[in-house]
Amino acid sequence: MEIYNPKEWLKAVFYLHKSDTLIKLYPYLIITAIYSGAIAFYELEYLNLSAKSWVKNITIVHSLLGFALSLVLVFRTNTAYDRWWEARKQWGALTNVSRNLALKLNGLLEEEDAAVRHFYRKAIPMYSQSLFAFLRSDYTTYMLDDHEHPELGDAFSTKKHGPNQVAALIFKKTNLLYKEGKISGEQFLLLNNELEGLTNICGACERIKNTPIPHSYSSFIKKFIALFVATLPIGYVFSLGYFVIVAVPFILYILASLELIAEANEDPFGLDYDDLPIEKMADNMKKHTHELLHP
């Protein structure tokens with residue numbers, strides 16, 4: 001993720017970054033412009049259709065379907081943004097849980113108990129680091145898939161759940177402190193909320209990662225946009241003439257960009273331009289934990 005000033009209009013309009021939808025769509029825009037020009041030439045020059053032809057009434061269908069398409073795209077983008085924002089809230093919660101756990105342990109542990117303090121200084125940030133690596137792995141992407149994935153090798157079937165391993169280490173160490181009498185039962189229960197919070201956050205992130213929009217819905221939107229744009233020049237050529245060569249690709253750019261933006265926001269744990277900086281957030285948790293659990 002790159003921090004930017006949302007009030008800068010000129011940079012937003014004229015600067016193209018690598019994830020800009022215009023860069024991704026330009027081959028399709030060129031094809032659409034050629035297609036629209038061919039339709040315009042065929043109807044105006046070859047068939048010599050006049051404005052009185054019934055073909056021009058196709059635009060009525062576009063007017064009716066345009067409203068339905070707008071509703072579908074609004075729902076699509078809102079759903080994708082909700083996933084992105086939910087992911088950001090979960091990682092914000094992980095930051096708070098890590099800090100609270102470090103704060104409580106710093107107060108409960110003896111200052112001279114350097115070995116135990118060193119363990120938690122390493123283990124607490126290790127959880128966020130293992131979680132971000134886990135969420136970006138192929139293992140996470142295909143863990144709920146019904147099909148086998150031999151291309152992933154043996155790692156897919158034998159690789160352990162990294163965050164669970166770290167959480168288990170932290171809990172075992174905390175339970176050992178209780179058994180040794182270094183913390184009381186009430187203090188153990190005080191730490192238990194943060195220990196449970198780690199796994200709860202991991203489960204929420206897995207839900208976001210492993211549950212994309214249903215395939216049938218995504219496929220329907222793409223087909224809807226393709227058919228809608230493909231039929232635009234057939235009717236609008238009578239009112240726009242050869243200007244459909246510019247107008248139709250522009251409409252495709254707007255509609256397809258909304259779908260691309262939704263697809264990008266749908267997986268907030270990736271490496272795209274607008275994805276969450278979870279690696280940086282994990283580094284910040286490590287820094288803050290080391291500050292709190294000082295030796």
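**Exercise 1.** In this predicted model, find the ring that lies under the charged end of Lys173.

*Solution.* Start at the charged end of Lys173 and look for the ring below: this is Phe119, with its centre 5.7 Å away. A charge counts as over a ring only if that distance is within 6 Å.

**Exercise 2.** Classify the ring pair of Phe75 and Tyr217, and place both residues in the chain.

*Solution.* Step one: the structure holds seven aromatic pairs. Step two: in the pair of Phe75 and Tyr217, the ring centres are 5.7 Å apart and the planes meet at 70°, so the arrangement is edge-to-face; the cut-off is over 60 degrees. Step three: Phe75 belongs to helix H3 and Tyr217 to helix H9, 142 residues apart, so the pair links distant parts of the chain. Step four: Phe75 is partly exposed at 46% relative accessibility, and Tyr217 is partly exposed at 24%. While you are looking at rings, note that Tyr81, Trp84 and Trp85 form one aromatic cluster.

**Exercise 3.** Is Gly107 buried or exposed?

*Solution.* First locate Gly107 in helix H3, residues 58–108. Its relative accessibility is 61%, so Gly107 is exposed. Then check Leu293: the two residues are 186 apart in sequence, yet their C-alpha atoms are 9.2 Å apart.

**Exercise 4.** Describe the second largest pocket and its lining.

*Solution.* Begin with the volume, about 330 Å³. Next, take the 15 lining residues; Tyr28, Ile225, Ala226, Leu252 and Ala256 are the closest to the centre. Helices H2 (21–46), H9 (215–240) and H10 (244–266) each give two or more residues to this lining. Finally, sort the lining by character: 11 nonpolar, one polar and three charged.

Note on methods. Residues are numbered from 1 along each chain as its sequence is written. This is a predicted model: local features need pLDDT of at least 70, side-chain atom pairs count only at pLDDT 80 or more; totals for chains, interfaces and linings use all residues. Side-chain values use heavy atoms; hydrogens and water are left out. Helices (H or I, at least four residues) and strands (E, at least two) are DSSP runs, numbered from the N terminus. Buried means under 20% relative accessible area, exposed over 50%, partly exposed in between (1.4 Å probe, protein chains only). On a 1 Å grid over the protein atoms alone, a cavity is a set of points where a 1.4 Å probe fits but cannot get out, and a pocket is an open set with protein on both sides within 12 Å along at least five of seven lines; lining residues have an atom within 4 Å of a point. Grid points are joined across faces, edges and corners, and a volume is the space filled by probe spheres set on the points. Ala, Val, Leu, Ile, Met, Phe, Trp, Tyr, Cys and Pro count as nonpolar, Asp, Glu, Lys and Arg as charged, and the others, Gly among them, as polar. Rings of Phe, Tyr and Trp (its six-membered ring) pair if their centres lie within 6.5 Å; planes under 30 degrees apart count as stacked, over 60 as edge-to-face and the rest as tilted. A charge sits over a ring if NZ of Lys or CZ of Arg is within 6 Å of the ring centre and within 35 degrees of the ring normal.
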